[in-house]
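Let's take a walk through this structure together, beginning with a single helix and working outwards to its neighbours. Have your viewer ready.

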Amino acid sequence: MIIVLAPTARSQTQEASLSDRVFTWLQFQAIPSITILSSTSATQTGFEWEATPLLYSFGMTRLVSPWKSFIVEPPARFTGSIEFVVSGQILTEKVGNSYFGGSAQLLGHIPLIERGEHLGLTVGIGSYSFSQSTPFFKVVGISTLFGFLHFNLKQSASPKLWVGSIEFRFF
Amino acid sequence: MTQADWTRFVKGIAFVFLALPMCGCSSYVTRIVSYSLQRMTEPIQPPAHRVLSPILPNTNLAVLWVGHAAMLIQIHDKVFMTDPSFTKTIGLIVRRAVEPGLDPSSLSSVDYTLISHLHFDHFSYGSLDLLPKNGKLLIPSGGAAYTPELGFAETRELKPWEVLEENGVRITAVPVQHFGGRYGFDIQWNAGRGYTGWVVEYKGKTVFVAGDTGYHPEYFKEIGRRFSVDVAIVPIAPVGTRESGSRVHVSPKEAVQILEDVNAKIMIPMHHRTFFQGVETAPTFAQDLLKRILEEKKIHARVKILDIGEQWIE
């Protein structure tokens, strides 16, 4: 990753190829977020990988399409957007009979400071799938550090569950 | 989980939190950030000058150094602002050492705001929010994906050598040598685009703004062939502790070479002294180096070294 990121001067005509760009995107998608799942009986940790099938941005210049799919430059998200996110999780201990979970979430990102680049608010709803259970969650959180770092809290009333996540969102 | 598990967990998160943002940074960026953090409590110095009425009623050409790469350029009745920077920090962490030499509220109108590239110190959303919005915002090709709707009358992307011409004003995006992206991890993503220089022509006056660039003789000589440059605004830092530049930043010596290549009548240096960068041994290192070169070459008359807030009037 460090090699890829090393600053390289290029002439104006040497634009990144599509494969370079997709490879960069894939690298950063591979970085997991950290999830803490807390129920009345146990607390577990795990890793979570998010992807964005669809995002509508309402904060960007009209020179670019407001619709994004999978590849989302950070400003499109943090300047104000509605995002459909899917994620997969690996937990450190089994929930029911599985280490794996998944979610689908609908999130709204609201810019607070510096167009959301310094601080943003996230609210939304989501459904997680753990073993046989698919609880419905309310989501609230903040984002900072250029939209890379998200602290989200998700709460389900039935069954009573909390999910805290530290999410790294690059694209 | 036991207490030991929690301790390990918290340490792990702290490591990821600190390591991830830094892993995309060169030692240069890391040094700037750490130097700035060391100076969190130092007061921001006032500028040497602060012009209260920067727009002059009758002038052919005037250039005011706001600080870093922000220049207010007036050619007759048209006002141009380059890379506006008024915020106390850039990129959340890097602190301003000297206050801006211009209060943006003193500007009633800016006809064209020119962005050279997408890095925090040149494309500051918070600073752009402080400017009048009656004019146009010009950004380099590839910049739109990083540009919020800022409320300007129009936002335009220009490719190298593309021209915007209207009402007697002719603005050309010219090639320079720098690097794309904004956040470090997207250098490769946005490689080869998202940075430019600008040549502004109006009523017989021509100003070349180099933005942020390494030395590329073919580009600058071509600019010299195509335009009759009156003023070249050229960066002279960061240069580090050495006297030569890098692939992406010119040294004072190379800045003077750009002056020769574009054959400008006057050069005004910029991109130094404004933020706690910590890459030079002293804040005035690049400026002192430039002065030494000017003495050696006997070209003092062609280089106007401005203080922050100082306005040069032709």
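A good place to start is α5(B), a mostly covered helix in which eight of the eleven residues are buried. Please keep in mind that you are looking at a predicted model. If you would like to pick out the buried positions of α5(B), they are P252(B), E254(B), A255(B), V256(B), I258(B), L259(B), D261(B) and V262(B). Charged residues appear in that list too, E254(B) and D261(B) being buried members of the helix.

What covers the buried residues of α5(B)? The cover includes three strands of chain B, β12 (205–209), β13 (231–235) and β14, together with the helices α4 and α6. Just after α5(B) comes N263(B), with a positive phi near 55 degrees.

Let's turn to one of those covering helices. Helix α4 (residues 217–226) of chain B packs with α5(B) at an angle of about 40 degrees, and the two axes are 7 Å apart. An angle of 35 degrees or more is no longer counted as roughly parallel, and roughly perpendicular begins at 65; α4(B) and α5(B) are therefore oblique to each other. On the α4(B) side, the contact is made by P217(B), F220(B), K221(B), I223(B) and G224(B), while α5(B) brings I258(B), D261(B) and V262(B). By character, the residues of this contact divide into five nonpolar, one polar and two charged. The α5(B) residues named here, I258(B), D261(B) and V262(B), also belong to the buried set of that helix.

Now move on to helix α6 of chain B, residues 285–297. How far apart should the ends of a helix with 13 residues be? At 1.5 Å a residue, α6(B) should span 18 Å, and its end C-alpha atoms are 18 Å apart, which agrees. The buried residues in α6(B) are F285(B), A286(B) and L290(B). They cover an arc of only 130 degrees around the axis, which puts them on the same side of α6(B). The general background is that an α-helix has 3.6 residues a turn, so residues three or four places apart point the same way. The buried residues of α6(B) pack against α5 (252–262) and β14 (266–270) of chain B, which brings us back to the helix where we began. After α6(B) comes K298(B), whose phi is positive, near 55 degrees.

Finally, zoom out to the whole chain. Chain B has six helices and 15 strands, and 50% of its 314 residues count as buried. Among its contacts between residues at least 6 apart in sequence, 68% join residues at least 24 apart.

How values were computed: Residues numbered from 1 in each chain as written. Chains lettered and ligands numbered in written order. Predicted model: local features only at pLDDT ≥ 70, side-chain atom pairs only at ≥ 80, totals over all residues. Helix = DSSP H or I, 4+ residues; strand = E, 2+ residues; numbered from the N terminus. Expected span 1.5 Å × (residues − 1). Buried ≥ 20, exposed ≤ 12 C-beta atoms within 10 Å, placed from the backbone. Arc of directions from axis to C-beta. Contact = placed C-beta atoms within 7 Å. Axes fitted to C-alpha atoms, helices over the stretch in contact; angles between N-to-C directions. Parallel < 35°, antiparallel > 145°, perpendicular 65-115°, else oblique.
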